[in-house]
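Open your viewer, get comfortable, and keep the selection box handy. We will go from stop to stop, selecting a few residues at a time and looking at what surrounds them.

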Amino acid sequence: MNIKRAKQEIKHAIEAYLLKDEEGNYEIPSQRQRPIFLIGAPGIGKTQIMEQISKECEIGLVAYTITHHTRQSAIGLPFISTHIYDGNEYSVTEYTMSEIVASVYNKIEESGLKEGILFIDEINCVSETLAPAMLQFLQYKTFGNHAIPEGWIIVAAGNPPEYNKSVREFDVVTMDRVKKIEVEPDFSVWKEYAYVQDIHPAVISYLTTRVAYFYQMETTVDGMLFATPRGWEDLSRLIQVYEKLEITVDWEVVVQYIQYPKIAKDFANYLELYYKYQADYQIEQVMRGKIDPILVKKVGHASFDEKLSVVSLVLAKTVEAFRQTYKKEASITVLFEKLKGYKSGSLSLKQICEEMEQTLNSKKKAKILNREEGYALKQTIEKLEQYEKLLKEAGNPEHEAAFELVKKEFAKENEAYQKELDAAGQMLEYGFDFMEIAFGNSQEMTVFVTELNTNFYSVQFLQNYECKRYYQYNKNLLFDEKRKNILNRIDNLVTAHTSVNSK
């Protein structure tokens with residue numbers, strides 16, 4: 001299955017494992033909560049989805065790569081203790097608490113989260129001395145003499161043997177005690193994630209036209225050559241920072257992340273052209289509604305790759321505007337909710353700020369704060385502090401008068417948001433102007449509309465903004481897809497009928 005479905009399956013398992021009955025006991029007892037064994041090629045996002053799940057479910061996460069551990073750190077150090085059996089005293093070997101189990105208890109104390117995920121990566125690559133302990137861990141949820149606390153779910157990950165020579169096969173007894181999920185790379189799923197995570201548009205557009213390069217793993221005489229989703233994401237972050245620093249990203253930089261020279265060189269060439277097209281086609285001017293007829297003619301005679309790059313550039317500018325309005329809307333929504341609490345008079349602005357600061361810090365500490373929520377909370381705290389300052393300057397009026405002042409300030413904030421929303425909508429209209437003049441109702445327009453349908457921020461924006469041309473082209477696109485599906489079904493029926501008659 002793909003990583004999106006795997007994430008959904010893990011979340012469902014966690015919901016089931018953490019569900020309690022009327023008496024407060026887990027519906028599925030701890031001993032029946034099978035550890036989840038996630039197996040898939042390296043670099044496809046196994047570790048990353050665990051971080052996402054932890055934040056979305058608001059539960060703790062302790063993560064370890066087991067290959068970094070010795071038998072002593074995983075199980076604990078031996079010590080001699082004395083016990084009385086049948087009146088006789090004996091020396092017995094016991095073990096200190098495992099570093100890993102201790103980390104779970106530390107996480108509970110630090111975060112206050114009594115339920116969580118213990119994630120063990122590369123579990124099938126352990127050393128020979130540690131292998132029995134890992135089997136015991138999967139079968140009985142213990143490290144040495146110490147059990148994993150109740151309410152903590154075990155998720156283990158590993159790579160198939162073709163990717164790692166150190167992989168050891170688990171026996172049937174162990175495999176019959178785990179919930180096994182196999183994951184495969186899927187570009188369409190990663191693309192959805194890439195849009196939400198603000199992956200560089202050049203990376204997205206490049207891989208859209210070269211899907212085969214999204215994930216490549218090849219063994220050669222010179223060693224392993226590979227390109228992975230993790231590599232593309234990390235390269236994207238570097239490109240974005242290098243752009244701010246005005247540092248050039250060339251082949252020698254790309255190959256540090258995409259360790260497949262042929263792909264790295266191809267992308268480096270693409271990126272160079274991408275920047276060139278951005279300047280040549282005056283994308284900044286286009287998104288202000290200034291379309292040069294000479295450039296329209298030029299793009300009409302360009303290669304398909306060049307046309308797609310230009311479409312990607314137009315999309316990138318449009319989606320960035322959508323992303324900003326999405327963030328603004330999220331912060332205004334939180335601010336509105338907090339002001340409703342202030343209106344009731346139960347809390348002062350200062351008390352609301354203190355509560356929000358506490359929430360922000362506790363979620364940060366527990367590492368369950370996602371980027372969007374963090375931004376909204378910080379922006380809201382900043383606005384409330386501004387309102388508090390305004391009230392002080394006004395001589396701290398009575399609550400009703402104070403609320404009216406705050407209400408007026410919020411109205412200004414909402415008005416600014418509406419202007420931002422309108423500006424983003426206008427940018428979309430300019431984008432359609434350019435697409436129609438340059439490409440008409442062509443495959444490039446289909447790509448443009450399809451990407452709007454795929455991108456998280458554009459989907460959110462178009463729920464609040466009515467763009468007639470989007471709905472028109474989208475309707476045509478859906479009609480074409482339905483027509484193709486009907487024709488494919490007819491072809492399949494004809495093929496099946498012919499096959500039956502031939503027999």
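Select L339 and display everything it touches: beyond its close sequence neighbours, these contacts are L349, L384, Y387, F403, V406 and F410. L339 belongs to helix α14, and its relative accessible area of 7% makes it a buried residue. Now add V314 to the selection and draw a distance between the C-alpha atoms: V314 is 25 residues from L339 along the chain, and the two atoms are 38 Å apart. One reminder before moving on: this is a predicted model.

**Stacked rings on α14**

Stay on helix α14, which covers residues 304–343, and select F322 together with F461. Their rings form a stacked aromatic pair, with 4.2 Å between the centres and 15° between the planes. F461 sits in helix α19 (residues 456–462), so this pair ties together parts that lie 139 residues apart in sequence. Are these two residues buried or exposed? Both F322 and F461 are buried.

Aromatic pairs like this add up to 22 in the model. For a group of rings, select Y206, Y213, W232, F267, Y270, Y274 and Y275, which make up one aromatic cluster.

**Lysines over rings**

Next, select K327 and Y375. The lysine K327 lies over the face of the Y375 ring, 4.3 Å from its centre. A second example is K298 with Y281: here K298 is over the ring face at 5.1 Å from the centre.

**A buried lysine**

For another lysine, go to K363 in helix α15, which spans residues 349–366. Is K363 buried or exposed? K363 is buried, at a relative accessible area of 12%. To see what its side chain meets, display E58: the side chains of K363 and E58 make a polar contact at 2.8 Å. Leaving out residues up to four places away in sequence, K363 touches E58, I368, L369 and E373.

**Strand β8 and its partners**

Now select residues 152–158, which form strand β8. How many of its seven residues are buried? Seven of the seven are, so by the under-20% cut-off for relative accessible area the strand counts as mostly covered. Colour the two faces separately: W152, I154, A156 and G158 are on one side, I153, V155 and A157 are on the other, and all of these are buried.

Then bring in the partner strands. Strand β1 (residues 36–40) pairs with β8 in the parallel sense over four bridges; to find one of them, pick I36, whose bridge partner in β8 is V155. Strand β5 (residues 116–121) also runs parallel to β8, with five bridges between them. In that pairing, I120 stands opposite A156 of β8.

**The loop between α7 and α8**

Move on to I199, in the loop that links α7 (187–196) to α8 (201–209). With a relative accessible area of 3%, I199 is buried. Display its contacts beyond four places in sequence: W190, A194, I204, E233, S236, R237 and Q240. Among them, R237 deserves a distance line: its C-alpha atom is 7.2 Å from that of I199, although 38 residues separate the two along the chain.

**The nonpolar cores**

W190, which you have just displayed as a contact of I199, leads to the next stop. Which residues touch the most other members of the largest nonpolar core? They are W190, W232, F267 and F432, in a core of 114 residues. W232 and F267 also took part in the aromatic cluster.

Centre on F432 and show what it touches more than four places away in sequence: M445, F448, V449, L452, C467, R469, Y470 and Y473. After that, select A133, M134, F170 and V178, which are included in a second, separate core of 27 residues.

**Zooming out**

Finally, switch to a cartoon of the whole protein chain, with its 20 helices and 11 strands. The C-alpha atoms fill a box of roughly 100 × 85 × 55 Å along the principal axes. Of the chain's 503 residues, 43% count as buried. Among contacts between residues at least 6 apart in sequence, 73% join residues at least 24 apart.

Definitions and conventions: Residues are numbered from 1 along each chain as its sequence is written. This is a predicted model: local features need pLDDT of at least 70, side-chain atom pairs count only at pLDDT 80 or more; totals for chains, interfaces and linings use all residues. Side-chain values use heavy atoms; hydrogens and water are left out. Rings of Phe, Tyr and Trp (its six-membered ring) pair if their centres lie within 6.5 Å; planes under 30 degrees apart count as stacked, over 60 as edge-to-face and the rest as tilted. Buried means under 20% relative accessible area, exposed over 50%, partly exposed in between (1.4 Å probe, protein chains only). A charge sits over a ring if NZ of Lys or CZ of Arg is within 6 Å of the ring centre and within 35 degrees of the ring normal. Two strands pair if DSSP finds at least two bridges between them. A nonpolar core is a set of buried Ala, Val, Leu, Ile, Met, Phe, Trp, Tyr and Cys residues joined through side-chain atoms within 4.5 Å. Contact means heavy atoms within 4.5 Å. A polar contact is a pair of N or O atoms within 3.5 Å; within protein, one must be able to donate a hydrogen and the other to accept it, and residues adjacent in sequence count only if both atoms are side-chain atoms.
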